Amino acid sequence: MRRAISLASRALGHTSPNPLVGCVVLGPDGTVVGEGFHTRAGAPHAEVEALRAAGSAARGGTALVTLEPCSHVGRTGPCTQALIDAGIRRVRYAVADPNPVAAGGGAVLRAAGIDAEGGLLAAEAEAGNRAWLTAVRLGRPHVTWKYAATLDGRSAAADGSARWISSVESRADTHLLRASVDAVLAGSGTQLADDPHLAARDVPGARQPLRVIVDTHARTRADARVLDDAAPTLIAVGPDAVAAHLPEAAVLRIPLADTGLDLPALLNELYARDVRAVLLEGGPTLAGAFAAAGLIDTVVGYLAPALLGAGPPALGPAGIGTIAEMLRLDVDDVTRLGTDIRITARPRPH
Ligand code: AOF
Ligand code: ZN
C-alpha cells in the first residue's frame, strides 16, 4: 500500500478534478505483478493501469488501492468490474471514496465474493490525497494558506518592501506548491503592491494553475502581470464594480458579504470550474478574511530567521479577540529550506 501511495503522488498537480490514486497488484504468491496510477482526469483509473500491467498474473491475486475502487461509469470505469473480470480474490483499499457517484465499490466487490476491506494505511493515503478528499467531502475547494514571514511574524517591512524575506530554497518550494494546485489566489492589495505573476516557474512539466485576484472594486490594472497569457486568470469583483478596463473573460462577478466578496460563493464558483485545490497567497487582509470564515484547511508558513519589529503581519484581523478564540493548529511537518523553516499545519478539529 505504501508503494501504491507513492505511485499516486507522481501525478500530483495533474489529475484534478480527479483524485490521486495508485494501485499495486500482487499475484497469488504475494509478489508484485503490476503497478499503476491515475495520470490525469479522463485517463484510465489506477486499478485498470495496474491490472493491465499484471495481465493474467493477477488471477487469484490481491489489489492494493489507495482509494475505494469506483463502482460507476464516468469518464471510465467501473473499476469494480475490472477487478472482478481479472479474477482478483482480495482487495485492500486505504480510504473510502467520498464521491457519492462512485462510492460503494467495497460493497459491490464483497457482493461478488471478493474479500474487500478499507482502512489499510488510511492516514498516510489521506495525507497524500488531502486536497481532493477534503474538497469532495466539503463540496468546496481545499484551501492552503501560504505565507512567508520573519520570526516575529511580519511579511513586509514598515516601508512595504518585502523582497526577499524568505530564502531562495523557500521561493523555489513555493513554485512547487503552485504547480500542485488548481488555483492560486491573491487579494487586490497584494496585486497592487507587488504586481505578482503567480505562475509556477521552473517546475518542469507543471500545469499552470488558474490565477485568481480577489478584487472587490476591480482595482487591478489592465497591464497587471497576472493578465499575461502564462496561465488563465480570473479577477473576482463585486456585483457593481466598474471593470471595463479588464478583459471580459477574466471578470468573475461575486456577491458581496459583510467585509468584501462572499468567499464561500467564490469558492463555489471555483469548484464548479473543477478547482479542488487552492493556494491562498495573501496578503494579510484576504488571509484574515479566509481564517475568519473558517476557510483555511492547511497552513504553510515559511519562517525566515530575521526580525523586523514593525510592518504588516502575515495574517490580518481574523475575528479573533481572545485567547479562548485562538485558532489552534496541529503541526504536520517541519522542514528546513536553506536558512528558513517551513511549517505545515492544520486547524485542530473541534
Ligand atoms: C480517478 N482515478 O484511479 C480512481 C478514481 O470521471 P471518472 O470516470 O474518471 O471517475 C472519477 C471518479 O472515480 C473519482 O471522483 C473517484 O471517485 C473514482 N475513482 N478516479 O480519477 C482513479 N480509482
Ligand atoms: Zn475507477
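**Exercise 1. Work out how β13 pairs with β6 and with β7 in this predicted model.**

Start with β6 (142-150). β6 and β13 run parallel, with 4 bridges between them. To fix the register, take W145: its bridge partner in β13 is L280. Now go to β7, residues 183-187, which also pairs with β13 in the parallel sense, over 3 bridges. Here A183 sits opposite V278 of β13.

**Exercise 2. Sort the residues A277, V278, L279 and L280 of β13 by the way they point, and say whether they are buried or exposed.**

A277 and L279 go one way, while V278 and L280 go the other. As for burial, all four come out buried.

**Exercise 3. Find what the buried residues of helix α6 pack against.**

First pick out the buried residues of α6 (130-138): A131, W132, L133, T134, A135 and V136. Then look at their surroundings: they pack against β4 (90-95), α5 (122-128), β6 and β13 (277-280). Finally, step just past α6, where G139 has a positive phi of about 70°.

**Exercise 4. Place E47, the residue UniProt lists for "active site", and explain why it counts as buried.**

The listing comes from an unreviewed UniProt entry. E47 belongs to helix α2, residues 46-54. The cut-off for buried is 20 or more other C-beta atoms within 10 Å; E47 has 32, so it is buried. Leaving out residues up to four places away in sequence, E47 touches C23, A63, V65, P69, C79, A82 and L83.

**Exercise 5. Describe the shell around ligand 1.**

Count first: 17 residues surround ligand 1, and the closest are N18, V21, H45, G74 and A102. Then split the shell by type: 7 nonpolar, 7 polar and 3 charged.

Methods
Residues are numbered from 1 along each chain as its sequence is written. Chains are lettered from A and ligands numbered from 1 in the order in which they are written. This is a predicted model: local features need pLDDT of at least 70, side-chain atom pairs count only at pLDDT 80 or more; totals for chains, interfaces and linings use all residues. UniProt positions are given in the numbering used here, feature names are shortened, and annotations may be inferred rather than shown by experiment. Helices (H or I, at least four residues) and strands (E, at least two) are DSSP runs, numbered from the N terminus. A residue is buried if 20 or more other C-beta atoms lie within 10 Å of its own, exposed if 12 or fewer, and partly exposed in between; C-beta atoms are placed from the backbone. Two residues are in contact if their C-beta atoms, placed from the backbone, lie within 7 Å. A residue is near a molecule or strand if its C-beta atom, placed from the backbone, lies within 6 Å of it. Ala, Val, Leu, Ile, Met, Phe, Trp, Tyr, Cys and Pro count as nonpolar, Asp, Glu, Lys and Arg as charged, and the others, Gly among them, as polar. Two strands pair if DSSP finds at least two bridges between them.
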